[in-house]
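What follows is a report on a single protein chain with a bound metal ion, written to be read beside the model. Please keep the sequence and the structure in view while reading.

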Amino acid sequence: MFGIRVLLYLVGIALVIWILVRLAKGPRIQQKPTPRVGTMVRCARCGTHVPANEALQRDQRYYCCRAHRDEDA
Ligand SMILES: [Zn+2]
């Protein structure tokens, strides 16, 4: 019976897809530490305000870029 074989084949494919979808959805709940949006810090060198998550920090001070961090000894 050709029809039943095709049907089983399609069911098999559907099952594999279903499993793959479940695997893809399941354990991939990656919880990033939500960056505090709106928290701005001031560059200790030039005074530019930069988002805290993008700022470079050193000794309780924030900098807008690496150059300013290195310049401000
Ligand atoms: Zn700066």
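The report goes from the overall fold to the metal site, then to the salt bridges, the surface and the backbone.

## Overall layout

The model is predicted, and every value below should be read in that light. The secondary structure of the protein chain consists of two helices and four strands, and from the N terminus on these elements follow one another in the order α-β-β-β-β-α. Of the 73 residues in the protein chain, 11% are buried. When contacts between residues at least 6 apart in sequence are considered, 8% of them join residues at least 24 apart. The protein chain exposes about 6800 Å², of which carbon and sulfur atoms supply 59%.

## The zinc site

Which protein atoms are the donors of the zinc ion? They are the SG atoms of Cys43, Cys46 and Cys64 together with ND1 of His68, and they lie 1.9 to 2.4 Å from the zinc ion. The angles among the four donor atoms run from 97 to 125 degrees, and the site is tetrahedral. Because four donors count as tetrahedral if all angles lie between 85 and 135 degrees, the range of 97 to 125 degrees at the zinc ion meets that description. Along the sequence, the donor residues are spaced C-x2-C-x17-C-x3-H.

Cys43 belongs to the loop between β1 (40-42) and β2 (49-51), whereas His68 belongs to helix α2 (residues 66-71), and the pair therefore ties together parts of the chain that are 25 residues apart in sequence. Are these two donor residues buried or exposed? Cys43 has a relative accessibility of 2% and so counts as buried, and His68, with a relative accessible area of 19%, is buried as well. The cut-off matters for the second of these, because buried means under 20% relative accessible area. If neighbours within four places in sequence are left aside, the residues in contact with His68 are Cys43, Arg45, Cys46 and Tyr63; two of the zinc donors, Cys43 and Cys46, are thus among them.

## Salt bridges

The count of salt bridges in the model comes to three, and they are set out in the table with the separation of the N and O atoms.

| Salt bridge | N to O separation |
|---|---|
| Glu71 and Arg45 | 2.8 Å |
| Arg61 and Asp72 | 2.5 Å |
| Arg69 and Asp70 | 3.4 Å |

The salt bridge between Glu71 and Arg45 links distant parts of the chain, since Glu71 is in helix α2 and Arg45 in the loop between β1 and β2, 26 residues apart. Arg45 was also named above as a contact of His68. Both partners of this salt bridge are partly exposed, Glu71 at 45% relative accessibility and Arg45 at 44%.

In the salt bridge of Arg61 with Asp72, Arg61 lies in strand β4 (residues 61-63) and Asp72 in the segment after α2, so this pair ties together parts that are 11 residues apart in sequence. Arg61 counts as partly exposed at 42% relative accessibility, while Asp72 is buried, with a relative accessible area of 15%. The remaining salt bridge joins Arg69 to Asp70; Arg69 is partly exposed at a relative accessible area of 23%, and Asp70 is partly exposed at 48%.

## A nonpolar patch on the surface

Which residues form the nonpolar patch on the surface? The patch is formed by Val6, Tyr9, Leu10, Ile13, Ile17 and Val21, which together have about 550 Å² of accessible area. Val21 lies in helix α1 (residues 2-25), and with a relative accessible area of 39% Val21 is partly exposed.

## Backbone between β3 and β4

Two residues in the loop between β3 and β4 deserve a look for their backbone angles. Asp59, although not a glycine, has a positive phi of about 50 degrees, and Asp59 is found in the loop between β3 (56-58) and β4. At 64% relative accessibility, Asp59 counts as exposed. Gln60 likewise is a residue other than glycine with a positive phi, here near 65 degrees, and its place is in the loop between β3 and β4. The relative accessible area of Gln60 is 72%, and Gln60 is exposed.

Definitions and conventions
Residues are numbered from 1 along each chain as its sequence is written. This is a predicted model: local features need pLDDT of at least 70, side-chain atom pairs count only at pLDDT 80 or more; totals for chains, interfaces and linings use all residues. Side-chain values use heavy atoms; hydrogens and water are left out. Donors are N, O and S atoms within 2.8 Å of the metal (3.2 Å for Na, K and Ca); water is not among the atoms, so sites may look incomplete. Four donors count as tetrahedral if all angles lie between 85 and 135 degrees; four count as square planar and six as octahedral if opposite donors are over 155 degrees apart and all others between 65 and 115; anything else is irregular. Buried means under 20% relative accessible area, exposed over 50%, partly exposed in between (1.4 Å probe, protein chains only). Contact means heavy atoms within 4.5 Å. Accessible areas come from the Shrake-Rupley method with a 1.4 Å probe; for residues, only the protein chains shown count as cover. A salt bridge is a side-chain nitrogen of Lys or Arg within 4 Å of a carboxyl oxygen of Asp or Glu. Patches are made of residues with over 30% relative accessible area and no salt bridge: like charges are joined within 9 Å, nonpolar side chains (Val, Leu, Ile, Met, Phe, Trp, Tyr) within 5 Å.
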